[in-house]
Amino acid sequence: MMRKILMMAATLLLAACQQGPSPEQLAKEKAEKMKYEAEIAAWRSERIERLKKPDGWLSLVGMHWLPVEGFTRVGSGADNGTRLATGPARLGVISTAAGNRVWLQPEAGVALTLDGQPLTGKTELTPDSRGTPSVVGFENGRASFVVIERGGKLALRVRDAEAETRTKFTGIDYFPIDTAFRFTATFTPHEAGRTIDIVNILGMVEPMMNPGTVSFTVGEVTHTLEAVDEGDGRLFLIFADRTSGKESYAAARFLYADPAGADGTTVVDFNKAYNPPCAFNAYSTCPMPPPENRLDLAVTAGEKKPRKI
């Protein structure tokens, strides 16, 4: 009798195990999944809104290198040394000097603004390498340019809110949201002050602060990415993977992770991997992945290739 009772108990226990998670557990997992998917959906929506801003990355219409020392006349007319794709025929004269200093002398009678205020006389402009760049506006605020510094050279980066890349933008395609590509990664710090040479899409080499690496495991394989600090403390990850040039943008994708916590870990969520500005236009200077950041892994999460206009 006892043996029969034990066999029945074992049978009931086995049946209970085969039933899987309880309804409560299933409900909890479903709620967590929905919450996570809502988080990613909100992140994607905010990303789209940033891209679509009148002065966002989709509005770029030109990048023009300036002389190291000298001057150039700027405007949309054919007689300018620096011919813009938009704006008045003659906008003014830009002069440069040693130390990457740059000034703008506005053309008489042309309405320009500097950081939203009327610009009337010769003014020194601040490039992005020295902080917040000066914004020169024209066409009643529809268009603008800033001075950028890359590889020790200065250039004008020009925007127009009516650029086709912005007005004809139809959205972004994504891989399905997949929690399998959200990793708790280990941060391994480098020695203080270490830099890493990053090559941009124009072939220029720029040293960037390299605080450490993040490592995560897929199956039995550990993958490691070198992190860059752009100055805000976050870990900026520039990577390519087996989908690059196929389902995803060929040059690279970008991803941010928070600084590591007290336990030495951070979250690397490839569902938030996104295309660099150069995926949308030819007027960006996007950094490329260092050799260490070319993953032997198909990251089927995050943004896919941009749609063709």
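This passage describes helix H2, a six-stranded sheet, the salt bridges and the aromatic pairs of a predicted model.

Helix H2 comprises 30 residues, from 23 to 52, and at 1.5 Å a residue these should span 44 Å, a value with which the distance of 43 Å between the end C-alpha atoms agrees. The buried residues of H2 are Tyr36, Ile40, Trp43, Arg44, Arg47, Ile48 and Leu51, and these residues pack against two strands, S12 (182–189) and S18 (265–269). Two members of this buried set recur below, Arg47 as a partner in a salt bridge and Trp43 as a member of an aromatic cluster.

Strands of a sheet pair through backbone hydrogen bonds, in either a parallel or an antiparallel manner. In the predicted model, an open sheet of 6 strands follows the order S1-S11-S10-S9-S6-S7, and its pairing is antiparallel. The edges are formed by strand S1 (60–65) and strand S7 (117–119), each of which has a single partner strand, so that one side of each is left without a neighbour in the sheet. From one strand to the next, the twist averages 30°. Within this sheet, strand S9 (residues 136–138) and strand S10 (residues 143–150) run antiparallel and are joined by 3 bridges; Gly137 stands opposite Ser144 in S10.

The structure holds 15 salt bridges, among them one between the side chains of Arg47 and Glu303, with an N to O distance of 2.8 Å. This pair links distant parts of the chain, since Arg47 belongs to helix H2 and Glu303 to the segment after S18, 256 residues apart. Both partners lie under the 20% limit for burial: Arg47 counts as buried at 7% relative accessibility, and Glu303 is buried with a relative accessible area of 0%.

A salt bridge is also formed by Arg73 and Glu107, whose closest N and O atoms are 3.1 Å apart. Here too the pair links distant parts of the chain, with Arg73 in strand S2 (residues 70–75) and Glu107 in the loop between strand S5 (101–106) and strand S6 (112–114), 34 residues apart. Arg73 is partly exposed, with a relative accessible area of 28%, and Glu107 likewise counts as partly exposed, at 23% relative accessibility. Arg90 and Asp79 form a further salt bridge, in which the closest N and O atoms are 2.7 Å apart. Because Arg90 lies in the loop between strand S3 (82–83) and strand S4 (92–97), and Asp79 in the loop between S2 and S3, the pair ties together parts that are 11 residues apart in sequence. Arg90 counts as partly exposed at 33% relative accessibility, as does Asp79 at 49%. In addition, Glu139, Arg142 and Asp160 are joined into one network by salt bridges that share partners.

The count of aromatic pairs comes to 11, including a stacked pair formed by Phe236 and Tyr256, for which the centre to centre distance is 4.8 Å and the angle between the planes is 20°. Phe236 lies in strand S16 (residues 235–239) and Tyr256 in strand S17, so the pair links distant parts of the chain, 20 residues apart. Phe236 is buried, with a relative accessible area of 2%, whereas Tyr256 is partly exposed, with a relative accessible area of 26%. The rings of Phe239 and Phe270 have centres 5.2 Å apart and planes at 80°, and the pair is therefore edge-to-face. Since Phe239 lies in strand S16 and Phe270 in the segment after S18, this pair ties together parts that are 31 residues apart in sequence. Phe239 is buried, with a relative accessible area of 0%, and Phe270 also counts as buried, at 0% relative accessibility. One aromatic cluster is formed by Trp43, Phe236, Phe254, Tyr256 and Tyr274.

Strand S17 (residues 253–257) also contains Ala257, which is buried with a relative accessible area of 3%. When residues up to four places away in sequence are not counted, Ala257 touches Arg234, Leu235, Thr266, Val267 and Val268. Ala257 and Val110, by contrast, are 147 residues apart in sequence and 45 Å apart in space, C-alpha to C-alpha.

Conventions. Residues are numbered from 1 along each chain as its sequence is written. This is a predicted model: local features need pLDDT of at least 70, side-chain atom pairs count only at pLDDT 80 or more; totals for chains, interfaces and linings use all residues. Side-chain values use heavy atoms; hydrogens and water are left out. Helices (H or I, at least four residues) and strands (E, at least two) are DSSP runs, numbered from the N terminus. The expected span of a helix is 1.5 Å times one less than its number of residues. Buried means under 20% relative accessible area, exposed over 50%, partly exposed in between (1.4 Å probe, protein chains only). Contact means heavy atoms within 4.5 Å. Two strands pair if DSSP finds at least two bridges between them. Axes are lines fitted to C-alpha atoms, for helices over the stretch in contact, and angles run from 0 to 180 degrees between N-to-C directions. A salt bridge is a side-chain nitrogen of Lys or Arg within 4 Å of a carboxyl oxygen of Asp or Glu. Rings of Phe, Tyr and Trp (its six-membered ring) pair if their centres lie within 6.5 Å; planes under 30 degrees apart count as stacked, over 60 as edge-to-face and the rest as tilted.
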